[in-house]
Each structure stands twice: as structure tokens, then as C-alpha cells.
Amino acid sequence: MPDEHAPARVVPPLSALPAPKPYAPDELRALDRAHVWHPYGPMPGRQEPLIVESAAGVRLRLAEPVEGRSELVDGMSSWWSAVHGYNHPVLNEAARGQLDRMSHVMFGGLTHEPAVRLATRLVEITPEPLRHVFLADSGSVSVEVAVKMCLQFWRSAGRPAKRRLLTWRGGYHGDTWQPMSVCDPQGGMHELWSGSLPRQVFADAPPDGFDAELDPAYVRHLRELIARHADELAAVIVEPVVQGAGGMRFHSPAYLRVLRELCDAWDVLLVFDEIATGFGRTGKLFAAGHAGVSPDVMCVGKALTGGYLTLAATLCSSRVAEGISRGEVPVLAHGPTFMGNPLAASVASASVDLLLGQDWEGEVARIGAGLRSGLAPAWGVAGVTDVRVLGAIGVVQLDHEVDMAAATRAAVREGVWLRPFRDLVYTMPPYVTGDDDVARICRAVCAAAREG
Ligand SMILES: *Cc1c(COP(=O)(O)O)cnc(C)c1O
């Protein structure tokens, strides 16, 4: 029997461990190149990543000056996530407080307040009828879980043939296998895998323009495809209103209402992937709010923890949850090791409270107005085919592939961090970005478009 009165095992004080020797920048770069994969990168790496030493507010501090800059204003929010900026006292406090209680415990057979509080909060702020939350460890995993929920729902209902997905072209849903299968089949990097991926049903990309009138021909196209494949479709999955990494395109929310009606009419589930659009980015708390429709399943991630830790969530309606639980296998067979991580959940709850406790709509609108005026000069740049802004998202599109290295360098010269891709130079700044910094980001986007 363990003796509960025995003295706790003595942990050596931190000072007993030798402090690791800091790397010189050149050494760090060489080791990075030799050993560390970067997103969508070759091995060894070809591009020289900038070394970030720390970050605070909207600024990244570099380990050594580049193009004369030792600080860069972040125009990317670390891929849509750092909406409150870096090193935020409220989020730091949430992380620190939880760290002193526990960083992690397994979620099988155990539960804890951080996860329960976050799940309850997510149910409160997402559209009805989403009532149940699966906490996943990344956006791609939350999409895998969404797909598994939909397929299992129909299997449990005795209709196992309903196991394909329909999406529209131009989308991005992550890099693991099911998400890859619904990414744009041409535009993405996933073409390579077309023979190995589940074959899904693709509609044409939705017509461009948030304010565009509904195109009846496109509605017919959607109706025709859904009707034709209804017997084998488990779900329609789309990014509502903004297609992010698939091409930064905006479409009318009216198409989401069309999808909702068609899915109801043909017995198909509707999944919204709000991983990029969630938490205010498009001007509504969730992009579904532009259309006033609710999906059966919804994924959130990215800004969920304010960019602090990796966490995502899949929410579903009671109809979906009960359907699964009535099946032959009455459980959802998914359970990541780090499911419900308390540290991430605590920071996520703090991030959501921080967002809702301020006039986030006003801040997003303010940044949108700054982007609109600051990016207008981009129309005068040779090769620019479109300049568009929605919420706190600004996009400049070119008639050619951007020279990423040249464009990035041009932005750095302006003191801004941007990460252009394909024919796009774009920005989605943290909501705490001041007007002067928004203007600076816009100058950098224009410079990157010119020199890229
Ligand atoms: C980023 C993204 C994902 C994937 O999320 P990860 O956390 O990178 O796995 C999925 N869907 C959308 C819409 C995204 O923007």
C-alpha cells in the first residue's frame, strides 16, 4: 500500500540541469536545414527561414536583422490563429495557471474543468443545433472526425452505401487523407495522391463574389449533382463564405442556404469547415452567420486558442450523435492521446472570453476598412487582377505565380511578415493591429505584389 503520508519524491531544482547552450544563428540555420521539415518543404530545405526569437503584440522579433529589420509586423496571424497578437497577458495567465494545476491527463475515463468549460462555451456560441463537441488536436484531425461522424451516422442508419463526400472545387480542408480528398483536386498539392485518395464528388467552384447575385445555373448544377449522387453521399463539406488556402476566394452566403435546402431534401449531412473562418475573421463570429444557416457538423480550429497551442473541435447536432449511438457499433471510435488537453482548453476558453469581452466586430470592421483603403493602390500594380477584402482578410491576386522569395523580401523591407502563395499576396492581421500597422501591412502587400 502506498503511504499517503510519505514525503513527496524530491524533484531536483531546475538549476540542477545545465542550461542548454544557445545556438548562434548560423549554427541554428544549418541544423534546421539538415534535420527539420518545414511546411510543404523539401529536405534539406532550400529557402532560408527567418529566425524568430520572440513575439509580442503584433510584432515578431528576429534573432538577427534582415533587410535592416529586426522586428516585423505580422500580417499573417500565424496562419489565421493569433487573433489577439502574441504574448498576451490574459492568455499567458490562463496557460500559467493551468500549468501549475496540470498540463495534461488522459481523457479516457477522466474529465476536467478546462475541457468541459470549453465544450460548453463552444456549444453556446456556435449555431443551434450543434450540441456535442469532440476535441481534436489539429484542424485536419477535426475534419477526419467530422467525416467519420458522417459516415458512421449513415452506417448506423443502415445505409452504408452513403459514404462519399461532395464538395466544391477550390477548397482546402487539411493535409491528412480524408481532408486531402476534398481539397481542390487541381489547385492543391494533393494532385500527386489522386490515385490513392477516396474519390469524392466535386462541384464547380462557387461563383466569385461575396455580394454577387445567386447564379441560377450554378444552383441547378449543385442540385443536379446532389440529386444524382444522393444514394452514395454521406455529406457535403465546404468552407463557408471564404475558401482559404485553396485560393482565398469569397462567395455569396446564399449558396450556403442552397446547400442546406438541398441537403435536407436529399438526406445528406452538411459539414461546415470553419477552421479558418471561425472566431470573427469574416466579420461574423462564424461565417455560417452570414447565411443564417446551421450545419449538422462543424469544425473549428486555428484561432480557437488564439494561436497559442494546437487544438481543434468537431461539433455535431444531437441528431448526428444519437444516430451514431443507435448503431451496431454505438460509439465514435476516435480518441487522440492528447484529446481535451487541459492546457490548450484553458487557453482556448480564455481566448474566446477575451474575444467576446471586447467589441471584436468593431475591431474587425476597423481593420477591414484599413485594408480596403490601404490595398486600393494595388489596383495600379502591373499584373494585379483583383483586390478583395472581407472582414479582416485582404487579398491581392496577380495574373502570374508570385516569386515567393522576392515577394517576402519586399514585405520584410517594409517591416512586415507575409507569406504569399500561388498567384496571391494576402493578409489577415491580428485583431489588435493598430491603424498605422494596418497601413504598413498594406504597403508591404503592394510592394510584395510589385516585386513578386
Ligand atoms: C488550416 C485548415 C485546416 C487544417 O488545419 P490544421 O490545423 O493545419 O490541420 C482545415 N480546414 C481549413 C479550412 C483550414 O484553413
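In the predicted model, Arg121 has a relative accessibility of 24% and therefore counts as partly exposed, since buried residues are those under 20% and exposed residues those over 50%. This arginine forms a salt bridge with Asp353, in which the closest N and O atoms are 2.8 Å apart. The pair links distant parts of the chain, as Arg121 lies in helix H4 (residues 113-125) and Asp353 in helix H11 (residues 342-356), 232 residues apart. Asp353 is likewise partly exposed, its relative accessible area being 38%.

A further salt bridge joins the side chains of Asp437 and Arg59, with an N to O distance of 2.9 Å. Because Asp437 belongs to helix H14 (residues 435-451) and Arg59 to strand E2 (residues 59-66), this pair ties together parts that are 378 residues apart in sequence. Asp437 counts as buried at 12% relative accessibility, whereas Arg59, with a relative accessible area of 28%, is partly exposed.

Asp296 and Arg260 also form a salt bridge, their closest N and O atoms being 3.0 Å apart. Here the contact connects the loop between helix H9 (288-291) and strand E11 (297-300), where Asp296 is found, with helix H8 (residues 254-266), which holds Arg260, the two residues being 36 residues apart. Asp296 is buried, with a relative accessible area of 8%, and Arg260 is buried as well, with a value of 13%.

Beyond these pairs, Asp26, Arg29, Glu48 and Glu64 are linked in a network of salt bridges. The count for the model comes to 22 salt bridges, taking a side-chain nitrogen of Lys or Arg within 4 Å of a carboxyl oxygen of Asp or Glu as the criterion.

Terms used. Residues are numbered from 1 along each chain as its sequence is written. This is a predicted model: local features need pLDDT of at least 70, side-chain atom pairs count only at pLDDT 80 or more; totals for chains, interfaces and linings use all residues. Side-chain values use heavy atoms; hydrogens and water are left out. Helices (H or I, at least four residues) and strands (E, at least two) are DSSP runs, numbered from the N terminus. Buried means under 20% relative accessible area, exposed over 50%, partly exposed in between (1.4 Å probe, protein chains only).
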